[in-house]
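Please explain how this structure is put together, for someone who has not met it before. A guided walk through its helices, sheets, contacts and unusual backbone positions would be welcome.

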Amino acid sequence: MAKMNMLQAINNALDLAMAKDDSVVCFGEDVGHFGGVFRATSKLQEKYGKARCFNTPLTEQGIAGFANGMAAQGMKPVAEIQFADYIFPAFDQIVNETAKFRYRSGNEFNVGGIVFRSPYGGGIAGGHYHSQSPEAYFAHTPGLKVVIPRDPYQAKGLLLASITCPDPVIFFEPKKLYRASTGEVPEEYYEIELGKAEVTQQGKDITVLAWGAQMEIVQKAVEMAEKDGISCEVIDLRSILPWDADTVAASVKKTGRLLINHEAPLTGGFAGEIAATIQKMCFLHLESPIERVCGMDTPYPLALEKEYVADHLKTYEAIKRSVNF
Amino acid sequence: MTNPNNATITTVHTAEFTAGDALKIPTLRILRDDGSLYEGAVAPELDKATAIKMYDTMVFIRVLDERMLAAQRQGRISFYMQCLGEEATTVGSAAALAEQDMIMAQYREQGALRYRGFTLEQFMNQLFSNEKDLGKGRQMPVHYGSKDIYYMTISSPLGTQIPQASGYAYAQKLRGLANTTICYFGEGAASEGDFHAGLNMAAVHKAPVIFFCRNNGYAISTPASEQFVGDGIACRAVGYGMKALRVDGADILAVYQATKMARDHALKHNEPVLIESIAYRLGAHSSSDDPSGYRSKEEEEKWRQNDPIARFRLWLVEKGWLNDADDKATIEALRTEILDALKVAEKVAKPGIEHLISDVYAEPIPALQQQLDELKAHIRKYPDAYPVTAGRLD
């Protein structure tokens, strides 16, 4: 074990993946010698050469199209989109091409080797073009997998599983936690299974569900609620697509209540999908309406970021609202 | 002085424009309409077997197009796209490639597909989206693809294959393969952002890809004059620092020669090359289109004189490799063969219900399995409403 922050854990995962498999190639804007604007690909070019770790021109649709072609040939491209806010020029390549490659060809071809890595989320004074959480757009696309880690240990294991996964994965990294989140991480290779949520804390009064950077926010709210005598079960969804409805439903059947927290705006956010599914699976077990604590339906603000975000106080209030319904 | 790329650039001391039409790319023509060679032109080295295969493929595709457009008009298939007038473009270029060079096409390249060996049965199974279709009946007619013959499955969104071809060719280079990728697209698709993205990526990362632009004058109804300004698409390659060639796309010898040169260069120097081929789209865009609303019969007649098959036939007859009388019998035989294959394919069952969810992922995710189980229960309740699958759910 070694103490690592999330960037070091991601860098370590990429290093191990490239050492293990020659077909793993990392590229994106500033990814080469510089090691990425956040340094996630630091030293990889030095170690594995310019052919396997390189800068690309400033073209997200080009990066995604290039990745599709490489993966169709059988390689495992790990392509970085510098900010999730800038993934939209690549939307057609990802939604119409990556996601449908295997299906439309009847499995003659596939691009399952792809991982698109991209820093997402707010809390860094980034305003609306350096803070967005676009996971719901991609969760609406059959053929993709969408994964979001909450800490360095999870980031390494989930990223390595994403690289070996036979389906294309969009791996959103909570950039707020890149350096802020540290923890003990095994130095050797390990994978964490995709598509499985994790119950991070057992409780009996309410299930609190989140992912990525919001996990530490809800944890803070849960600790406040516990001082009021409310016992919370906490779940990290980890995979947004496919998502582990069974684990969430089992928990809600036990607690009778569910709160979902995400950074992205409320309307059309992934919490709506979870709420609809869980109310159907757990209808007779629910003791209060499912609560959603999310970003407001505005572009991500700058000066008023604190007011906008789905913070621990809003979450704490929603926990109480649910329990006292 | 140098530019930030450290390339030497020339300087002037009084301001002057470089004209927007300063770069004019010449167009290679080898074969005249009467089957003779242009003065100074040399025919590429072609053995008889290859030349006859090229000719047979063009004839096959023309007859296939004629029959299948008729089948669409009869309501037997839902949609069709012919390549009338462009047969030499795709057959001539495919003939210049190695069998394991990847072909990433747009949708009007059935000539290249047939040259690679796609069988009549495979064409029919795709067109009828039956259970023998390699694509499992998921895409509209003419979206062919086959891993065995290195022909990437067609995707409808325009231009998406361009940056993909750059990535595919880069991967071929990384793996040390002596193969290239050819990427076909139209002059309309060259207006997409993916064109720029793909060419720039290939140029910067030295991917051995041949970008093959079929400039056929029309994007559905939009004429080339409303698609771009100036000399054509080839000159754009020069802006990306890439070698360019332009050919008369109805001249199969010119197309073959240019593609051979492009392939050799791409592999020898690990560089992309762009070929622009000019051949008029004589047919409609698709079976859903009617060109009489946007162009004149006179215009079509003018281009019809440039028939790529007639021109090549004259050359082959002149060489003594083809007997003109043979041709009519061949065409009749082909018509019968195609009709017979059509009758077989239209009776083959549609894909089974499991193929609604297969291949979305490598293995179906739990939610998909559950949705399929619910659907099967529903179909069992209303079997008459779902005749294709009701009788064979297990």
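Helices (H or I, at least four residues) and strands (E, at least two) are DSSP runs, numbered from the N terminus, and the expected span of a helix is 1.5 Å times one less than its number of residues. The model is a predicted one, in which local features need pLDDT of at least 70 and side-chain atom pairs count only at pLDDT 80 or more, while totals for chains, interfaces and linings use all residues. Residues are numbered from 1 along each chain as its sequence is written, and chains are lettered from A and ligands numbered from 1 in the order in which they are written.

Helix α5 of chain B, residues 161-174, serves as a starting point. Its 14 residues should span 20 Å at 1.5 Å a residue, and this agrees with its end C-alpha atoms, which are 20 Å apart. A residue counts as buried if 20 or more other C-beta atoms lie within 10 Å of its own, as exposed if 12 or fewer do, and as partly exposed in between, with C-beta atoms placed from the backbone. By this criterion α5(B) is mostly covered, with 13 of its 14 residues buried. Just after α5(B), B:Gly176 has a positive phi of about 75 degrees. Helix α1 of chain B, residues 48-73, can be treated likewise: for its 26 residues a span of 38 Å is expected, and its end C-alpha atoms are 38 Å apart, in agreement. B:Gly75, just after α1(B), also takes a positive phi, of about 80 degrees.

The sheets come next. Two strands pair if DSSP finds at least two bridges between them. Chain B has an open sheet of six strands in the order β1-β7-β8-β4-β3-β2, with parallel pairing. The edges are β1 (27-28) and β2 (102-104) of chain B; each has a single partner strand, so one side of each is left without a neighbour in the sheet. β2(B) runs parallel to β3(B), residues 181-186, and three bridges join them; in this pair B:Met104 stands opposite B:Cys183. Two residues are in contact if their C-beta atoms, placed from the backbone, lie within 7 Å. Axes are lines fitted to C-alpha atoms, for helices over the stretch in contact, and angles run from 0 to 180 degrees between N-to-C directions. On these terms α5(B) packs on the sheet, touching β2, β3 and β4 (209-215) of chain B, and its direction makes about 175 degrees with that of β3(B).

Chain A holds an open sheet of five strands, ordered β9-β11-β10-β13-β14, with mixed pairing. Here β9 (198-201) and β14 (291-295) of chain A stand at the edges with a single partner strand each, so one side of each has no neighbour in the sheet. Neighbouring strands of this sheet are turned by 25 degrees against each other on average, direction ignored. Within it, β10 (206-210) and β13 (258-265) of chain A run parallel and are joined by three bridges, and A:Thr207 has A:Leu258 in β13(A) as its bridge partner. Helix α10 of chain A, residues 270-281, packs on the sheet and touches β10, β13 and β14 of chain A, at about 155 degrees to the direction of β13(A). Helix α8 of chain A, residues 214-227, lies across β9, β10, β11 (232-236) and β13 of chain A, running at about 175 degrees to β11(A).

Strand β5 of chain A, residues 115-120, is mostly covered, with six of its six residues buried. In a regular strand the side chains alternate between the two faces of the sheet. In β5(A), A:Val115, A:Arg117 and A:Pro119 point one way, and A:Phe116, A:Ser118 and A:Tyr120 the other. β5(A) pairs in the parallel sense with β4(A), residues 76-80, over three bridges, and with β7(A), residues 169-174, over six bridges. A:Phe116 stands opposite A:Ala79 and also opposite A:Ile170 in β7(A).

The contact between the chains takes 34 residues from chain A and 39 residues from chain B. On the side of chain A that touches chain B, α3(A) gives the largest share, 10 residues.

Some backbone positions remain. Most residues other than glycine have a negative phi, and most peptide bonds are trans. A cis peptide bond, with omega about -10 degrees, joins A:Leu241 and A:Pro242. A:Ala125 has a positive phi near 55 degrees and is exposed, with 10 other C-beta atoms within 10 Å. B:Asp359 has a positive phi near 70 degrees, yet is buried, with 22 other C-beta atoms within 10 Å.
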